[in-house]
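Please open the model in your viewer and keep the selection tool at hand. The tour moves from one selection to the next and says what is found at each stop.

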Amino acid sequence: TSIFLFIFSIFLSNSFWYKYFLVRPIFDISTLLKYSGKYSEAMKLFEKIVLEHTDSDFTEISQKELEFIHDNLNNEKLLTQYYKIQLEIVNEQTKSALNNLNQLIKDNPKCSFMDRLLFTKAEILISENNIESAIAIFIDIKVKYPESPLIDTIDEMLENLESKPEDSEEL
């Protein structure tokens, strides 16, 4: 058994295996908890990743999720609606997600995470190849929410979207 433990420790010392056998399950469980509305339990697991697995690929996203949930717990109903829309996107129900997202935006014009709602809408529009509308939304977010934590990501996405060659008739 000592040889097995030695080989197993070498196996886990490789960061790829470490990530998938130790940190990934914690991240996946915290994500499931988040989607099921169990925010305090999700936050505990996201925090565990942030504090105990600082070199993981999941640390930064866990930190962002932890902060987002914490900052919006005062409006649990909106948070729950947002995560239901996220689940629709994950399940490739983009038309339903877009309809629900548009309704959420319309009904909650002063939502504390409107930048994220609009960002999600732009992502859906990109998936539907409605690039011009997505770009307009990204620019709108930059103008209305210049302090948004999404600005760097938006800048990268705008750069990528604007650098893509237009569909040509030659194809």
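Begin by selecting Ser 30, which is buried, with a relative accessible area of 0%; buried means under 20% relative accessible area, exposed over 50%, and partly exposed in between, with a 1.4 Å probe and protein chains only. Ser 30 belongs to helix H2, helices being DSSP runs of H or I with at least four residues, numbered from the N terminus. Leaving aside residues up to four places away in sequence, Ser 30 touches Ala 42, Leu 45 and Phe 46, where contact means heavy atoms within 4.5 Å.

Before going further, note that this is a predicted model, in which local features need pLDDT of at least 70 and side-chain atom pairs count only at pLDDT 80 or more, while totals for chains, interfaces and linings use all residues. Residues are numbered from 1 along each chain as its sequence is written, and side-chain values use heavy atoms, with hydrogens and water left out.

Next, select Lys 34 and Glu 65, which form a salt bridge whose closest N and O atoms are 3.5 Å apart; the term stands for a side-chain nitrogen of Lys or Arg within 4 Å of a carboxyl oxygen of Asp or Glu. Lys 34 lies in helix H2 and Glu 65 in helix H4, so the pair ties together parts that are 31 residues apart in sequence. Lys 34 counts as buried at 6% relative accessibility, and Glu 65 is buried too, with a relative accessible area of 8%. Add Arg 116 to the selection, since Lys 34, Glu 65 and Arg 116 are linked in a network of salt bridges.

Now select helix H4 as a whole, which has 14 residues, and colour its buried residues, among them Thr 59, Ser 62, Glu 65 and Phe 68.

For the last stops, turn to helix H8, where Lys 144 and Asp 140 form a salt bridge with the closest N and O atoms 3.4 Å apart. These two residues, Lys 144 and Asp 140, are 4 residues apart in helix H8 (residues 131–144) and are separated by about one helical turn. Lys 144 is exposed, with a relative accessible area of 52%, whereas Asp 140 counts as partly exposed at 27%. Finally, select Asp 155 and Lys 142, whose side chains meet in a salt bridge (2.4 Å, N to O). Asp 155 lies in helix H9 (residues 151–163) and Lys 142 in helix H8, so this pair ties together parts that are 13 residues apart in sequence.

Technical notes:
The expected span of a helix is 1.5 Å times one less than its number of residues.
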